[in-house]
Amino acid sequence: MPARSRLEVPRSEALHAEGRGLMPGGVSSPVRAYKAVGGTPLTIVSGSRARVTDADGHSYVDYVGAYGPLILGHAPLAVVEAIRNAAVRGTAYGAPTEGEIRLARLIASALPGVERVRFVVSGTEAAMTAARLARAATSRERIVAFEGGYHGHADSFLAKAGSGMLTLGIPASPGVTTATAGLTTLLPYNDAARLREFGRTRGREVAAVFVEPVAGNMGCIPPEPGFLEALREETSRWGALLVLDEVITGFRLAWGGWQVRAGIRPDLTLLGKVIGGGLPIAAVAGPAALMDRLAPEGPVYQAGTLSGNPIATAAGTATLEALRGAPPYEKLEARGRALAEGLREAAAGAGVEATVVQVGSLLTVFFCPGPVRDLPSASRSDRARFARFFHAMRERGVLLPPSPMECWFLSTAHGDTEIGETIAAAREAFKV
Ligand SMILES: *Cc1c(COP(=O)(O)O)cnc(C)c1O
């Protein structure tokens, strides 16, 4: 009796089993597979404001937030309307549109020094494009990035630090060539002294330094005072470009991005996530002198069938217009702080050693003593402890990103009710 077996297995689990027969791991992106926490990923059927609903009808306060884009929460009316209005006029044309111009203008108005924007489909492509552009502009080949940073999955960024004094990266994934990884150098985040030391001997080989101005892919780790300033100073001295990867932080931590808050002027900025309001779009942005090296204005090739897609630009424009119309950043900071403080108290009450790091609407609970300032310190977070916490929170109706080194993403839809529910759940979950 098939009807009965469907009742016995939760629908979310049955769907995941079916998906695994059709897609590697049953997912379209690996972190979704719950490898770090165990168990079966929930199949989500809908989202509304701060909550998502799974295939079994359970509702959760959602801190995954699609990993960053959903600063207004799920399905905000203005964005849904913009998508609807765009879709009925056609889904793609392979031609310039007014929608691209509107979104580019919003971005240029928010970021000092940005005169040109190239739209792409993903943050991966934005980083890949910036690397090519930087290599072309400097006639150099070396890329510098930081341990624990993430700039998408282009080969140049799937490198890890070599051992000892080796400054050449080694492949971080099978399939990445040693030649490509060898052109990438990984340095420790938040370590200006190490950066300067590297620069003295190798700085003049460097085309660009890529950095997340607030690290968001080893959990949330803010830059220490002077770190970004040292990066700006050193890259200028080397004749290298500074690329701020604001794919998470752009329009999330401030109108424009962290660079506006910190007063750091990069050579190129990478944007994604929030600028698409949940649809696939990302961008490289910078001054005309650099950006006009891109085809067709210049010789550096880059292209995309669905780049600047009219539905994506409509969703992004609606999102940015909402943020500009009623800047939520102070409110998000206050809510983030209230959540962080509640979580700290809950952990202390349960006798759990936790370090809660929060910057605006980004937050991570590290299950280790502080300070957390780089990849080695973040990696001390107790993975087994996090896995128990994750599942205990899920059972209590709170969905967290399923990895101990991931940011929780707050949205403007996370109100006092959701924050309160989350802290109440954490009081119990820390004890599990
Ligand atoms: C998500 C992310 C990327 C990659 O963006 P995709 O759209 O997933 O390719 C790049 N950089 C940072 C900082 C990110 O968080």
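Here are short exercises on salt bridges and one pocket in a predicted model.

Residues are numbered from 1 along each chain as its sequence is written. In this predicted model, local features need pLDDT of at least 70, side-chain atom pairs count only at pLDDT 80 or more, totals for chains, interfaces and linings use all residues, and side-chain values use heavy atoms, with hydrogens and water left out.

**Exercise 1.** Find how many salt bridges the whole structure holds, then place the one between R116 and D292.

*Solution.* Start with the term: a salt bridge is a side-chain nitrogen of Lys or Arg within 4 Å of a carboxyl oxygen of Asp or Glu. A search of the whole structure gives 19 of them. In the R116 and D292 pair, N and O are 3.0 Å apart. R116 sits in strand β4 (residues 116-120), and D292 sits in the loop between α10 (288-291) and α11 (310-325), so the bridge ties together parts 176 residues apart in sequence. Helices (H or I, at least four residues) and strands (E, at least two) are DSSP runs, numbered from the N terminus.

**Exercise 2.** State which parts the bridge between R373 and E224 ties together.

*Solution.* The closest N and O atoms of R373 and E224 are 2.7 Å apart. R373 lies in the loop between β14 (362-366) and α13 (375-378), while E224 lies in the loop between β9 (206-211) and α8 (227-238), so the linked parts are 149 residues apart in sequence. Next, check exposure. Buried means under 20% relative accessible area, exposed over 50%, and partly exposed in between (1.4 Å probe, protein chains only). R373 is partly exposed at 29%. E224 is partly exposed, also with 29%.

**Exercise 3.** Work out how E233 and R237 are placed in helix α8, and which network they belong to.

*Solution.* Their side chains meet in a salt bridge of 3.6 Å, N to O. E233 and R237 are four residues apart in α8, so about one helical turn separates them. E233 is partly exposed at 44%, and R237 is partly exposed at 48%. Salt bridges with shared partners join R196, E233, E234 and R237 into one network.

**Exercise 4.** Describe what kinds of residue line the second largest pocket.

*Solution.* Sort the lining by class. Ala, Val, Leu, Ile, Met, Phe, Trp, Tyr, Cys and Pro count as nonpolar, Asp, Glu, Lys and Arg as charged, and the others, Gly among them, as polar. The lining then divides into 11 nonpolar, eight polar and two charged residues.
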